[in-house]
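Visitor: Could you take me on a close tour of the places where the chains of this assembly meet? I'd like the cut-offs as you go.

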4 protein chains.
Amino acid sequence: MISAPTGSFHRHETVHWGDCDAAGIVFYPNFYRWADNSFHALTRALGFDQASLSADHGILGTPLVETSARFAAPARPGDRLDIAVRITRIGRSSCALHYAMALDGRAVADVQEARVFVRQTGTQLAPCAIPDAIRAAMAPHFVTS
Amino acid sequence: MISAPTGSFHRHETVHWGDCDAAGIVFYPNFYRWADNSFHALTRALGFDQASLSADHGILGTPLVETSARFAAPARPGDRLDIAVRITRIGRSSCALHYAMALDGRAVADVQEARVFVRQTGTQLAPCAIPDAIRAAMAPHFVTS
Amino acid sequence: MISAPTGSFHRHETVHWGDCDAAGIVFYPNFYRWADNSFHALTRALGFDQASLSADHGILGTPLVETSARFAAPARPGDRLDIAVRITRIGRSSCALHYAMALDGRAVADVQEARVFVRQTGTQLAPCAIPDAIRAAMAPHFVTS
Amino acid sequence: MISAPTGSFHRHETVHWGDCDAAGIVFYPNFYRWADNSFHALTRALGFDQASLSADHGILGTPLVETSARFAAPARPGDRLDIAVRITRIGRSSCALHYAMALDGRAVADVQEARVFVRQTGTQLAPCAIPDAIRAAMAPHFVTS
C-alpha cells in the first residue's frame with residue numbers, strides 16, 4: 001500500500017523518453033538515480049547539502065554502503081512518479097532511507113539506501129559521526145514503521 | 001574474496017570522468033548500469049539477445065524484479081573494473097545473477113539481479129517460461145556456490 | 001539576453017548531484033538530455049508523443065540529424081534551470097528547435113537540435129513527411145526570430 | 001569518409017542495451033558521453049588527467065565552450081563503435097577536438113568539442129594558459145586536415 005505517513009517527504013519525477021530502454025519501459029538504474037535525487041532534495045529541504053556538509057563539517061559526502069530495489073510495475077514515458085521519502089534509521093555515522101515510488105497510487109518501485117557519512121584522509125574514506133545539527137534536522141523524517 | 005569460479009563470465013568496465021560525482025567517486029547508479037551491460041554481454045556471448053528473444057520466442061524482455069548492491073570501496077576515473085558474472089538461479093520464468101566488481105583483485109561492488117522473462121499482452125507484462133534453448137545456453141554459467 | 005518570445009514553451013530542470021562531475025559542475029551531455037526531455041514535454045503539451053506518432057501515423061520516431069550547444073556558465077547541484085523551447089524551422093520532414101537554458105535570468109546553455117521524422121523499412125530509417133495534424137500542432141511554437 | 005590520419009587516437013565503445021531508447025537506437029546524449037570518455041582516455045594516454053591537471057597545475061578542469069554533432073546512421077545494442085580522436089586546434093587556453101565514430105567503416109556520428117582550461121577563483125571559472133608540458137603532450141595528436 002502506498003501511504004504518506006507522518007514525516008515522509010514527497011516529490012515527483014517525470015519519466016522521460018531517454019530514461020526508457022528499447023522495451024519502452026524505464027531502464028532500471030534510473031530508479032536509483034531518482035532515489036539519489038530525492039535524497040539530495042530532502043537534505044536541501046532540511047537545510048543542508050553536500051557543499052554545506054563539506055564547508056561546515058569537513059564531510060566529504062554520504063556514499064552508499066548498500067542499496068536495493070523491488071520493481072512492482074513498469075513505468076513509461078510521460079508517467080509522473082510520486083516519490084515518498086522516509087528516513088528509516090539514523091545510526092552513529094550512517095542512516096537508511098526508503099523511497100516508495102508510485103503512479104496514480106499504484107506501487108511502481110521501492111528503493112532502499114544505506115548511507116554513511118565519511119571524511120577523506122588521503123585517498124581513504126573513513127566513517128565519521130553524523131553532526132548533531134544534521135541529526136536534529138533529519139529526526140522529523142525518521143519514521144520507524 | 002574475489003574469485004573466478006568455473007562458469008563465471010568476465011568482462012571489464014572503465015570508470016570514466018562522467019561516471020563520477022562531485023565527490024570524485026562513481027555515482028552509484030552506474031554500478032547497476034554496468035551490471036545490466038554485463039547481463040547483455042553475457043547473453044550475447046551465449047548466443048542470444050533481446051532482439052532474438054523477441055524475434056525467436058515472442059519475449060518482450062527480461063525486466064528486473066529485484067536488485068541490490070553492496071559497495072565495498074570507492075572507484076575513481078581511470079579505474080578498470082573486472083566484472084565476474086555468475087548465474088545463481090534459473091527458475092521457470094525467472095533467473096538471478098551476481099556481479100562481482102573488483103579493482104586489482106580488491107572488491108569494489110557486488111550487484112545482484114533477479115530478472116523475469118515476460119511477454120506483453122496489451123500494456124500488461126506477464127511472466128513466461130524460459131525457452132528450453134535459452135535455459136540450455138545459460139546452464140554452463142549457473143554456479144551454485 | 002534571455003527572453004520569452006510569444007510562442008516559446010517553458011519548463012524547468014533541477015540540477016541534481018548525480019548530474020555533476022568531479023569538478024562539481026554539470027556533466028555536459030546532461031544538457032542535451034534536458035533538451036531532449038524538453039522536446040518530448042513540448043510534444044506532449046501539443047497533444048502528441050512518440051507512441052501516438054507510431055500508432056496514428058506509422059512514424060518510428062524523430063531522431064537527431066544534428067545538434068549543437070554553447071555553454072555560457074557552469075550550473076551546480078540545486079540550481080533550477082529555466083528552459084525556453086522554440087521551434088525554429090518546420091520543413092517537409094524535419095524541424096529544428098532551440099532551447100535557451102538560464103539560471104535566475106542569466107544564460108547557462110543554448111542547445112539546438114535538428115530532427116527528422118522517420119519510418120522504418122527493414123532496419124533502414126527513411127525520412128517521411130510531417131503529418132498535417134502534427135505540423136498544425138507545432139505551428140504556434142514556430143518562432144522565426 | 002572514415003580515415004585514420006597520422007596522429008589520430010583510436011578507441012572503442014560498445015553500444016549497450018541501456019544506451020538505447022524506446023525506438024531501439026542510441027539515445028543521442030550518449031554520443032557526447034562517448035566523446036567525453038574519449039577525451040579523457042586520450043589525455044590519460046598522453047600522460048595527464050583531470051587529477052594531475054589539478055595537482056600539478058592548479059587547473060580545475062577542461063569544461064566545454066561549445067559542442068556539436070552530426071548523426072549519419074543509427075547504432076543499436078551490441079554495435080561496437082570505432083572512435084578516432086583528433087585534436088583540431090590548440091589555442092592559448094582552449095583546444096578543439098573531433099571524434100569520428102564509425103561502425104564497420106561506415107560513419108555513425110561526428111562530434112566536435114571546444115574546451116577551455118580553467119582555474120577557479122571563488123565560484124568563478126576563469127580561462128588560463130595551457131601549460132607547456134600539456135601543450136607538448138597534445139601536439140602529436142594535433143591534426144590540421
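Guide: Let's start with the vocabulary: two strands pair if DSSP finds at least two bridges between them, and the strands (E, at least two residues) and helices (H or I, at least four) are DSSP runs numbered from the N terminus. Keep in mind that this is a predicted model, where local features need pLDDT of at least 70 and side-chain atom pairs count only at pLDDT 80 or more, while totals for chains, interfaces and linings use all residues. As for bookkeeping, residues are numbered from 1 along each chain as its sequence is written, chains are lettered from A and ligands numbered from 1 in the order in which they are written, and side-chain values use heavy atoms, with hydrogens and water left out.

Now for the strands. Strand E2 (residues 64-71) of chain A runs antiparallel to strand E2 (residues 64-71) of chain B, and 5 bridges join them. Within that pairing, A:Arg70 has B:Glu66 as its bridge partner. E2(B) also has a partner inside its own chain: strand E5 (residues 106-116) of chain B pairs with E2(B) in the antiparallel sense over 7 bridges. There, B:Ala69 stands opposite B:Val111 of E5(B).

Over at chains C and D, E2(C) and strand E2 (residues 64-71) of chain D are antiparallel too, paired over 5 bridges. In E2(D), D:Glu66 is the bridge partner of C:Arg70. Around those strands, 26 residues of chain C are in contact with 26 of chain D, contact being heavy atoms within 4.5 Å. The buried area there is about 2,000 Å², with 62% given by carbon and sulfur atoms; that's accessible area (1.4 Å probe) lost by two parts on being put together, summed over both. You'll find 11 residue pairs in polar contact between chain C and chain D, both residues at pLDDT 80 or more. A polar contact is a pair of N or O atoms within 3.5 Å; within protein, one must be able to donate a hydrogen and the other to accept it, and residues adjacent in sequence count only if both atoms are side-chain atoms. Helix H1 (29-45), strand E2 (64-71) and strand E5 (106-116) of chain C each supply at least two residues of the side that touches chain D, and the largest share, 8 residues, comes from E2(C).

Chain B meets chain D as well, through 14 residues on chain B and 14 on chain D. This pair buries about 1,100 Å², 53% of it on carbon and sulfur atoms. B:His16, B:Trp17 and B:Arg44 lose the most area on the chain B side, together 46% of what that side buries. The count of residue pairs in polar contact here is 0 (both at pLDDT 80 or more). Strand E1 (9-14) and helix H1 (29-45) of chain B each supply at least two residues of the side touching chain D, with H1(B) giving the most, 5 residues.

One last bit, on symmetry. A turn of 180 degrees and a shift of 0.0 Å along the axis lays chain B on chain D with an RMSD of 0.0 Å, so the two copies are related as by a two-fold rotation axis. The superposition is by least squares on the C-alpha atoms of residues with pLDDT of at least 70 in both copies. B:Glu13 is the residue of chain B that comes closest to the rotation axis, at 5.2 Å (C-alpha). And 100% of the interface residues of chain B are also interface residues in chain D, so the copies meet through the same surface.
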